[in-house]
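Work through the following exercises with the sequence and the structure open beside you. Try each task on your own before you read its solution.

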2 protein chains.
Amino acid sequence: VQTVAALIFPDFELLDLFGPLEMFGMLPEHFAIRLVAERERHVASAQGPVSRADDLFADDLFANGRSCDILLLPGGPGTRREVNNPALLDWLRAQAEGAAYVASVCTGSALLARAGLLDGRTATSNKQAFAWVQAQGPRVDWQARARWVEDGRFFTSSGVSAGIDMSLALIARLHGEARARQVAAWAEYDWHSDPGWDPFAELHGLV
Amino acid sequence: VQTVAALIFPDFELLDLFGPLEMFGMLPEHFAIRLVAERERHVASAQGPVSRADDLFADDLFANGRSCDILLLPGGPGTRREVNNPALLDWLRAQAEGAAYVASVCTGSALLARAGLLDGRTATSNKQAFAWVQAQGPRVDWQARARWVEDGRFFTSSGVSAGIDMSLALIARLHGEARARQVAAWAEYDWHSDPGWDPFAELHGLV
């Protein structure tokens, strides 16, 4: 079983987080989900609903240099503040070093970019916030038209619902495409399994 | 602003709840979201992550016969227990009486059925749990092939991700289709806006 550590911070975007966690959560034989927050255990989303973190940065799961297996970062308006939070960026760097995979949804890639973790890599992000995200990582090869981008062990997705498609791709990488298709069928979800499918880049005027 | 009261109970399904709440949450000028639980404020989802209820059944929001404007019910494995919870079914009946709209996702419609709220109405549910849900409401006209079903002020959706499509339809009913399309575009979501679109009925052997 791999530990999926999902970071939450004030004003995270609900679906960025819980879309992917629904997909991983359908395979409890493969994935154990932990919500992680910096210092405060209760964290309000941008839409209002409050989640409770299972672990804080100082807790045992991450003590003594231990890393999660899969690090998941949602986006949301809170990223505008967290890109300037050195404690959070330090934690990201430490976790990303040991994690088998690092995945971000929407403006979550801005956090990875500011931590320097995407330098020299290809990545994508939310289409409406694209200019701002680009400015957080001038040495990143940002892809405007992409549902998600895979670069080695880094997966970055476009806005909000794109995280669901990306997480199914990560499940496919780990456990085969048939398993990912089964998860999508259980969720009655129409998986866009082509990472090049992205009508929103044009809709939001990026291409 | 209309109050969207979303019921949470142990082992609710993450995406059933947070897919629709993401859509409503994108229009804070129209919708205020409240998570509601019976007695315990912290409620673990079937996938693990814990949410904190804003209100309990006994709290002010629902005191003195007051109702929410929109009642939202997720599904999930916890519904197998809650269909036998008289306190929850009583609360549903009381809330549904005053609510402008009642919406369920996945096996959430089993709760409405057991409360008698769907008698004589058309409704749908999760495709893999369909036989069990049907048995909860023998006087309901269950539709096997439907992404969601609208019957007056009752909206019921198919499994998990179908709740997103249904909530966009409810937003369209209240604020026009253009507004719903804008929300879908913000979420970079490929809205299946035809309630008859349902490849999963066939995939799961129902038709």
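**Exercise 1.** Decide whether Asp11(A) is buried, partly exposed or exposed, and describe where Asp11(A) is found and what its phi is.

*Solution.* In this predicted model, the relative accessibility of Asp11(A) is 32%. Buried means under 20% and exposed means over 50%, with partly exposed in between, so Asp11(A) counts as partly exposed. As for its place in the chain, Asp11(A) is part of the loop that runs between strand S1 (2–7) and helix H1 (14–25) of chain A. Its phi is near 65°, which is a positive value in a residue that is not glycine.

**Exercise 2.** Carry out the steps of Exercise 1 for Cys106(A): is this residue buried or exposed, where does Cys106(A) lie, and what is its phi?

*Solution.* Begin again with accessibility: the relative accessible area of Cys106(A) is 4%, and therefore Cys106(A) is buried. Next, locate Cys106(A) in the loop between strand S7 (101–104) and helix H4 (108–114) of chain A. Finally, the phi of Cys106(A) is positive, about 60°, although the residue is not a glycine.

**Exercise 3.** Check whether the span of helix H6 (residues 162–175) of chain A agrees with what its 14 residues should give, and then find how many of these residues are buried.

*Solution.* The expected span is 1.5 Å times one less than the number of residues, and for the 14 residues of H6 in chain A this comes to 20 Å. The end C-alpha atoms of the helix are 20 Å apart, which agrees with the expected span. Turning to burial, 11 of the 14 residues of H6(A) are buried, so that the helix is mostly covered. Among the buried residues are Ala162(A), Asp165(A), Met166(A) and Ile171(A). After the helix comes Gly176(A), which has a positive phi near 95°.

**Exercise 4.** For three of the salt bridges, state the distance between the N and O atoms and describe the accessibility or the location of the partners.

*Solution.* It helps to recall first that side chains of opposite charge can pair when their charged atoms come close. Over all chains, the structure holds 24 salt bridges.

- Arg39(A) pairs with Glu38(A), with the closest N and O atoms 3.2 Å apart. Arg39(A) counts as exposed at 65% relative accessibility, whereas Glu38(A) counts as buried at 19%.
- Asp55(B) and Arg34(B) form a salt bridge with an N to O distance of 2.8 Å. Asp55(B) belongs to strand S5 (residues 55–56) of chain B and Arg34(B) to strand S2 (residues 31–37) of chain B, so the pair ties together parts that are 21 residues apart in sequence. Asp55(B) is buried, with a relative accessible area of 5%, while Arg34(B) is partly exposed at 31%.
- Asp151(B) and Arg121(B) meet in a salt bridge at 3.4 Å, N to O. This pair links distant parts of the chain, 30 residues apart, since Asp151(B) is in strand S10 (residues 148–151) of chain B and Arg121(B) is in the loop between helix H4 (108–114) and strand S8 (122–123) of chain B. Arg121(B) is partly exposed, with a relative accessible area of 23%.

**Exercise 5.** Which rotation and which shift superpose chain A on chain B, and how are the two copies thus related?

*Solution.* A rotation of 180°, with 0.0 Å of shift along its axis, superposes chain A on chain B with an RMSD of 0.0 Å. The two copies are therefore related as by a two-fold rotation axis. In chain A, the C-alpha nearest this axis belongs to Ser51(A), at 2.2 Å from the axis. The same surface serves both copies, as 100% of the contact residues of chain A recur in chain B.

Technical notes: Residues numbered from 1 in each chain as written. Chains lettered and ligands numbered in written order. Predicted model: local features only at pLDDT ≥ 70, side-chain atom pairs only at ≥ 80, totals over all residues. Heavy atoms only, no water. Least-squares fit on C-alpha atoms with pLDDT ≥ 70 in both. Contact = heavy atoms within 4.5 Å. Helix = DSSP H or I, 4+ residues; strand = E, 2+ residues; numbered from the N terminus. Buried < 20%, exposed > 50% of the residue type's maximum accessible area, 1.4 Å probe, protein only. Salt bridge = Lys/Arg side-chain N within 4 Å of Asp/Glu carboxyl O.
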